[in-house]
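Dear colleague,

I am passing on a structure that I would like you to look through before we next talk. Please have the view open while you read, and turn it as each part is mentioned.

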Amino acid sequence: MFVTVEDIKRFLYIDFEADDLLLAELIEAAEDTISRHIGRRLNELVKCDGTLPGSLVQAIKIMVANMYASRESVAFGGNPVKIPYSFEYILQPFKNYRRE
C-alpha cells in the first residue's frame, strides 16, 4: 500500500481502531481502481524517494474517503453533484492511452 491506514485516519480525523480493517480494504480497492483507471501500475510511478506523486496520493485519499462515507451504491437525499477538479481531474495526467 502506498497510503497507510494511519495516513487515512489522519486525513479523515478518525481516532478509533474499530474501522482499521475496513480502511485497509478501502485503500487496497482505491489503489487498484486508480491503477486500472490510469492504465498503469502505481509502482511504475514511484519517485526516487519511494513515494507516489502527491496528486496520486491525494486521489487515493479522496477515493477512500468517498467509499468510507458512502458505503452504498445509491445516495439518498438531495441531488448528487459531481465535484469539479476532483478525482478524475487529478488522475488525468497519469492516464495511459496506449494499449499494450
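A good place to begin is aspartate 7, which has a relative accessibility of 21% and therefore counts as partly exposed, because a residue is called buried only under 20%. Please keep in mind throughout that this is a predicted model, and that what follows was computed from it.

Aspartate 7 is one half of a salt bridge whose other half is arginine 10, with 2.7 Å between the closest N and O atoms. Both residues belong to helix α1, which covers residues 5-12, and because they are three residues apart there, about one helical turn separates them. Arginine 10, at 56% relative accessibility, counts as exposed, whereas its partner aspartate 7 is partly exposed. As general background, side chains of opposite charge can pair when their charged atoms come close.

How many salt bridges does a search of the whole structure find? The search finds five, and another of them brings together the side chains of lysine 9 and aspartate 20, at 3.0 Å from N to O. Here lysine 9 comes from helix α1 while aspartate 20 comes from helix α2 (residues 20-38), so this pair ties together parts of the chain that are eleven residues apart in sequence.

Is lysine 9 buried or exposed? With a relative accessible area of 7%, lysine 9 is buried, while aspartate 20, at 22%, is partly exposed. If residues up to four places away in sequence are set aside, lysine 9 touches Ile14, Phe16, Glu17, Asp20 and Leu23, so that its salt-bridge partner appears in that list beside the other residues.

A further salt bridge joins the side chains of arginine 41 and glutamate 44, with an N to O distance of 3.4 Å. Arginine 41 counts as exposed at 55% relative accessibility, and glutamate 44 is partly exposed at 43%. These two residues are not alone, since Arg40, Arg41 and Glu44 are linked in a network of salt bridges.

Turning to the chain as a whole, the secondary structure comes to four helices and zero strands, and the elements run α-α-α-α from the N terminus on. Of the 100 residues in the protein chain, 33% are buried. The accessible surface of the chain comes to about 7200 Å², and 53% of that surface belongs to carbon and sulfur atoms. Among the contacts between residues at least 6 apart in sequence, 68% join residues that are at least 24 apart.

Finally, please look at the interior. In soluble globular proteins, nonpolar side chains tend to be buried together. The largest nonpolar core of this model has 23 residues, and the members that touch the most other members are Ile34, Leu42, Leu56, Ile60 and Val64. Helices α1, α2, α3 (54-69) and α4 (87-91) each supply at least two residues of this core. Which helix gives the most to the core? That is α3, with seven residues.

When you go back to the view, you might trace the salt bridge between lysine 9 and aspartate 20, then the network of Arg40, Arg41 and Glu44, and then the core members just named, including Leu56 and Ile60.

With best wishes

Terms used
Residues are numbered from 1 along each chain as its sequence is written. This is a predicted model: local features need pLDDT of at least 70, side-chain atom pairs count only at pLDDT 80 or more; totals for chains, interfaces and linings use all residues. Side-chain values use heavy atoms; hydrogens and water are left out. A salt bridge is a side-chain nitrogen of Lys or Arg within 4 Å of a carboxyl oxygen of Asp or Glu. Buried means under 20% relative accessible area, exposed over 50%, partly exposed in between (1.4 Å probe, protein chains only). Contact means heavy atoms within 4.5 Å. Accessible areas come from the Shrake-Rupley method with a 1.4 Å probe; for residues, only the protein chains shown count as cover. A nonpolar core is a set of buried Ala, Val, Leu, Ile, Met, Phe, Trp, Tyr and Cys residues joined through side-chain atoms within 4.5 Å.
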